[in-house]
Amino acid sequence: MTSTRPVPYKLAISENDVQALKSKLAATRFPDELEGVQWDYGVPLADMKRLVRYWQDGYDWRRHETHINETFPQFTIDIKVDGFGVLNIHHVHQRSKSEHAIPLLFSHGWPGHFMEAAKIIPLLINPPSGAPAFHVVAWSLPGFGFSDAPKKAGFNMAKMAEAGHKLMLALDYSEYVVQGGDWGSSISRQVARLYGGKHCKAVHVNMLSMAPIEPSKNPLLWLQHISTPFSEEEKRMVARTNMFRDKGLGYFHEQSSQPQTLSYGLADSPVGLLAWIYEKLHNWTDNYPFTDDEILDWISVYWFSKAGPGASLRIYYENLRTNPLENGRHEPIYSVPIGFSIFPQELVYVSKANRLLVGNLVYESSHSAGGHFAAFERPEDLVGDLREFHGIGGKAYGVVKGLTGYADD
Amino acid sequence: MATSNTDQAFKISVSESQIHELKVKLDLIRFPDELEDAGWAYGSPLKDVQRLVAYWKSGYSWREHEKHINDTLPQFTKDISVDGFGTLNIHFVHQKSSVQNAIPLLFVHGWPGSFLEVTKILPLLTAASKQYPSFHVVALSLPGYGFSEAPKQKGFGLFQYAEVCNKLMIELGYTEYVAQGGDWGYYITRALGHKFSKNCRAVHSNMPRGSPPKFIHNQVLFLQHALVPYSEAEKAGFARSAWFLGPGFGYRQQQSTQPQTLGYSLSDSPAGLLAWIYEKLRNWTDDYRWTDDEILTWVSIYWFSRAGPAATTRIYYEVETAKERDIITKPINNIPLGFSYFPRELVVTPRSWARTLGNVVFESTHASGGHFAAHEKPTILVDDIRQMFGKGGPANHVIPHKSGFDHGLKAKL
């Protein structure tokens, strides 16, 4: 049944599905492992055995499900995406008490999900005096969480942006700002590219994906890039980038080329899915001390997702098999102010020179801790940056007509 | 466990509990979704995997295939010690020819292959004839594959695999032998040629590699390469190589960097393992018409393997980390090398490239066939091997007293 108005939603995974997961966990067949390798070859066996045992015997999905349902108002709504029919989109929509709050769309990435926003939502909607307030929409991207997945090939970045933009319009936010990391960063920038100025009024990201500077296209910038020495901190981040490129891209290549082949193991094997995602939670964060509950809460969203974990992989294929220039993926954006928070354990470091190709990058903020999942690892830092960017005196202050984030005096 | 220098006769006998475990898992399978009209563009198609899973669940009989393998391939195990890695129990096929002077030949498989790849070429290689040479054939399960033990420590690279191969042949009484291989078998036989050429006296491969000739090393080849335009076949080869090194490379990136992470789903999900391997069986072959029985038997070897499927992927990590592909590219000049070129191999390069690999005495180009040459084109591959080592062949008599023919062999007509 289609609905063009948001319909209240509560997570309610069937008891059948919960029990089916337990049955599979009980039947887990583990691989062997080489002696003393720790994380060198991938996720350690001891970690997997511990988590599988707990997932089967002690972990309580209903606790997490209830917590989400009681804390975050969720909805579903039908969004028509050109060429792809109607997709039912799941989202958290939590409004501030302040009527003048800034509407903000938070976009997650892979292997993220809508609850990456869990810690920043209460801070954004309820700021201390002097800081702006936000209404927050944290959606499940098409193919993720509890949203529909597209059924045809070609659902690329432009389509993701279209879906996100239309979601905001459907929620009566004709003007809004966007925030994201990972694919959420690319989606946010694409929203700005396609709908910036008129609808999308500002972009904030905690990750940047940039084309390398080409000497033939930008000779002066290239010279600047190669002649500016890196600071110690930058050198560390470059080293991390190189390590990620050399050792961390297996998933990226497979998901960009044969996502279906990979999806069978991830859909069928809880430990397979757990390992695949947990490796990123471990490697991509800045020593975030995940509890077993946090890990399993996270992976359970993938396990129980509406379209299944395999659907989430296709975002890589749809965007990396098509010509990035067609999506305008690397073209600079000048229509709106752009803000960028730099966390030291992010996966890819973008040099100062390269950042000049982002476009209207008017706000940057560097931090001493935090990694790829900034909203989850460093919520106060990320929210602090958003408040600076959007607050009084900030470069994106007042971009949304009539909604400055502050109550009128 | 006491090491044993004698062969233990071996029959595959997967336990009832393992078979039951597989059935339980097949009953609990949860399939992913798939895009409309995806075909093969995104990977192994859902309807194929579902069909194979349904057959694996009820219809396919592992016991029947197990028996057939045991009846057809004489198998043994033997403890082989490897410097720094202790003793590994190695599973292998060993069939002697009736020809006393047959040439000892070691067949080395790769991933996702197995000792089973020798099945079709075995009767051809061991056949006796006045026209072509005969071979005593040994086909091992590489450590970590099939029914061989896996190494327990890290660092087990190409030269360790080669050490196992070489010691196995010597302990079987073949102080001198020739080697044949594709996929990892190519790399391992290169290592044999580099380190154990006293014993491994010639190498034939159906997966030629090599790099473009550099002027500084190969002036003549360089000029040939630079001046002679590429043929249509060579251009097609480049397209194929570009596919493999681009969209076809994901599995290798993953297995070379985080094999353990991948190993959990390969070990735990029969559908996951099946899809992972089946995709290669289809993409890497030249329109080979796999039967469902063939596919499931190949995959079952991985599912029921002694060390489990995860162990099979570590060779990628070890070789990548130690950069051993570069090491074995250095030319081997002291023993004869032979190459068979099949158009649907994964990397198809001009002939001049493989000639940089050393003393190439035999080349043969074919109009069809892919990566699993011994399985797809057994008679063609065996023809090539016979030509290389037979009467008038460039590697004829490479092992003294092992010509492949018995003197005074009575003609059997």
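# Aromatic contacts and local features

Phe144(A) and Tyr302(A) are both buried (under 20% relative accessible area with a 1.4 Å probe and protein chains only; exposed is over 50%, partly exposed in between). The model is predicted, so to speak of local features a pLDDT of at least 70 is needed and side-chain atom pairs count only at 80 or more, while totals for chains, interfaces and linings use all residues. Side-chain values rest on heavy atoms without hydrogens or water, residues are numbered from 1 along each chain as its sequence is written, and chains are lettered from A and ligands numbered from 1 in written order.

## Rings that meet

How many aromatic pairs does a search of the whole structure find? Over all chains there are 55, counting Phe, Tyr and Trp (its six-membered ring) with ring centres within 6.5 Å; planes under 30 degrees apart are stacked, over 60 edge-to-face, the rest tilted. One of them joins Phe144(A) to Tyr302(A), edge-to-face, with 6.4 Å from centre to centre and 80° between the planes. Phe144(A) belongs to the loop between β5 (134-139) and α5 (157-170) of chain A, and Tyr302(A) to helix α12 (residues 292-303) of chain A, so this contact ties together parts 158 residues apart in sequence. Helices (H or I, at least four residues) and strands (E, at least two) are DSSP runs numbered from the N terminus.

In chain B, the ring centres of Phe244(B) and Phe249(B) lie 5.5 Å apart with planes at 85°, so that pair is edge-to-face too. Phe244(B) and Phe249(B) are both buried.

Charges also sit over rings here. Arg29(A) lies over the face of Trp303(B), 3.7 Å from the ring centre, which links a residue of chain A with one of chain B. Lys391(B) places its charged end over the ring of Phe405(B), at 4.5 Å from the centre. The criterion is NZ of Lys or CZ of Arg within 6 Å of the ring centre and within 35 degrees of the ring normal.

## The annotated domain

UniProt, in an unreviewed entry, assigns "domain: Epoxide hydrolase N-terminal" to residues 8-116 of chain A, and an unreviewed entry places this feature at residues 8-118 of chain B. Positions follow the numbering used here, feature names are shortened, and annotations may be inferred rather than shown by experiment.

| Span | Helix | Strand | End C-alpha atoms apart |
|---|---|---|---|
| Residues 8-116 of chain A | 33% | 24% | 20 Å |
| Residues 8-118 of chain B | 32% | 24% | 20 Å |

## Backbone details

Trp110(A) and Pro111(A) are joined by a cis peptide bond with omega about 0°, and Pro111(A) sits in the loop between β4 (102-107) and α4 (120-125) of chain A. In chain B, a cis peptide bond with omega about 0° joins Trp111(B) to Pro112(B); Pro112(B) is in the loop between β4 (103-108) and α4 (121-125) of that chain.

Two residues other than glycine deserve a look for their positive phi. Asn287(A) has a phi of about 50° and lies in the loop between α11 (270-284) and α12 of chain A. Is Asn287(A) buried or exposed? At 70% relative accessibility, Asn287(A) counts as exposed. Asp183(B) has phi near 55°, in the loop between β6 (177-181) and α6 (184-195) of chain B. With 10% relative accessibility, Asp183(B) counts as buried.
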